[in-house]
Amino acid sequence: MKVTKKIIINKPAEQVWHLIAHEFDKAHLWMGPIPNSVALGAGKGLAGAPMEGRICDLNSDPNGAKVKEVITDYSEQGRYLAFDVLPVNNPKIVPIKQNHVHMSVRSVGHNKSEVTWVASPQLKLFAYPFYPLLRLVFPIAFGKLLTGLKKYAEENVLMSDMARA
């Protein structure tokens, strides 16, 4: 399965890229379902990535469900990154074995960017009978994540914030 979502954000591509890549560990600021996220291997990312990845809590329980997101491809110049999403302590009923996400940012005009999110979830065997339903649900869920990024980028981040980073 492959799900592609795109969104236009009314901020310069450099700024949106900064949020996605250089603040990769701060996903909790714009991903609604993530109460907390932290860097994994800060300063040790492949091909110039600012970190190896991140750990995202899926609830407030410190020993609860999480995802480990490991950066597998990164291009500062091309403004894209890819990462594997690996479940940690997730209930067996969760239908995804793992997910691979590719995100990119491109300028589409003055102070306007397009973010593309391509997800390739790998389903657990028991989930295949629910494939048609999941094919409907995943685009909605991924679209909500991008809407959160748009809202956060447009309402909370100023160019002066990037200069301090």
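**Exercise 1. In this predicted model, find the distance at which the side chains of arginine 54 and glutamate 69 meet, and say where each residue sits.**

Step 1. Look at the two side chains: they come together in a salt bridge, with 2.3 Å from N to O.

Step 2. Check the cut-off. A salt bridge needs a side-chain nitrogen of Lys or Arg within 4 Å of a carboxyl oxygen of Asp or Glu, and the 2.3 Å of this pair meets that rule.

Step 3. Place the partners. Arginine 54 belongs to strand β3 and glutamate 69 to strand β4, so this pair, 15 residues apart, links distant parts of the chain.

Step 4. Ask about cover. Both arginine 54 and glutamate 69 are buried.

**Exercise 2. Two further salt bridges involve glutamate 114 and lysine 150. Find their partners and decide how covered each residue is.**

Step 1. Start with glutamate 114. Its partner is arginine 106, and the closest N and O atoms are 2.8 Å apart.

Step 2. Compare each value with the cut-offs: buried means under 20% relative accessible area, and exposed means over 50%. Glutamate 114 has 12%, so it is buried. Arginine 106 has 46%, so it counts as partly exposed.

Step 3. Turn to lysine 150. This residue forms a salt bridge with glutamate 154, again with closest N and O atoms 2.8 Å apart. The two lie in helix α2, four residues apart, which is about one turn of the helix.

Step 4. Apply the cut-offs once more. Lysine 150, at 23%, is partly exposed, and glutamate 154, at 28%, is partly exposed too.

Step 5. Put these pairs in context: the count for the model is six salt bridges.

**Exercise 3. Trace the order of the strands in the open sheet, and explain why β1 and β2 each have one side without a neighbour.**

Step 1. Read across the seven strands. The order is β1-β7-β6-β5-β4-β3-β2, and the pairing is antiparallel.

Step 2. Look at the two ends. β1 (3-9) and β2 (36-42) are at the edges and have a single partner strand each, so one side of each lacks a neighbour in the sheet.

Step 3. Add the twist, which averages 20° from one strand to the next.

**Exercise 4. Follow strand β7 and list partners for residues on both of its neighbours.**

Step 1. Take the β6 side. Strands β6 (residues 96-109) and β7 (residues 112-123) run antiparallel and are joined by 12 bridges. Methionine 103 stands opposite tryptophan 117, while histidine 100 has serine 120 as its bridge partner.

Step 2. Visit the turn. The hairpin of β6 and β7 has two residues between the strands, and asparagine 111 there takes a positive phi near 55°.

Step 3. Take the β1 side. β1 and β7 pair over seven bridges in the antiparallel sense, and lysine 6 is partnered with threonine 116 in β7.

Step 4. Judge the cover: nine of the 12 residues in β7 are buried, which leaves the strand mostly covered.

**Exercise 5. Locate the helices against the sheet, then pick out a nonpolar surface patch.**

Step 1. Helix α1 (residues 13-22) lies across several strands, including β1, β6 and β7, and runs at about 160° to β6.

Step 2. Helix α2 (residues 131-156) packs on the sheet and touches β1, β6 and β7, with its direction about 20° from that of β1.

Step 3. Now the patch: Ile93, Phe126, Phe130, Leu133, Leu136 and Val137 together have about 610 Å² of accessible area.

Step 4. Take one member. Isoleucine 93 lies in the loop between β5 and β6; its relative accessible area is 65%, so it is exposed.

Definitions and conventions:
Residues are numbered from 1 along each chain as its sequence is written. This is a predicted model: local features need pLDDT of at least 70, side-chain atom pairs count only at pLDDT 80 or more; totals for chains, interfaces and linings use all residues. Side-chain values use heavy atoms; hydrogens and water are left out. Two strands pair if DSSP finds at least two bridges between them. Axes are lines fitted to C-alpha atoms, for helices over the stretch in contact, and angles run from 0 to 180 degrees between N-to-C directions. Contact means heavy atoms within 4.5 Å. Patches are made of residues with over 30% relative accessible area and no salt bridge: like charges are joined within 9 Å, nonpolar side chains (Val, Leu, Ile, Met, Phe, Trp, Tyr) within 5 Å. Accessible areas come from the Shrake-Rupley method with a 1.4 Å probe; for residues, only the protein chains shown count as cover. Buried means under 20% relative accessible area, exposed over 50%, partly exposed in between (1.4 Å probe, protein chains only).
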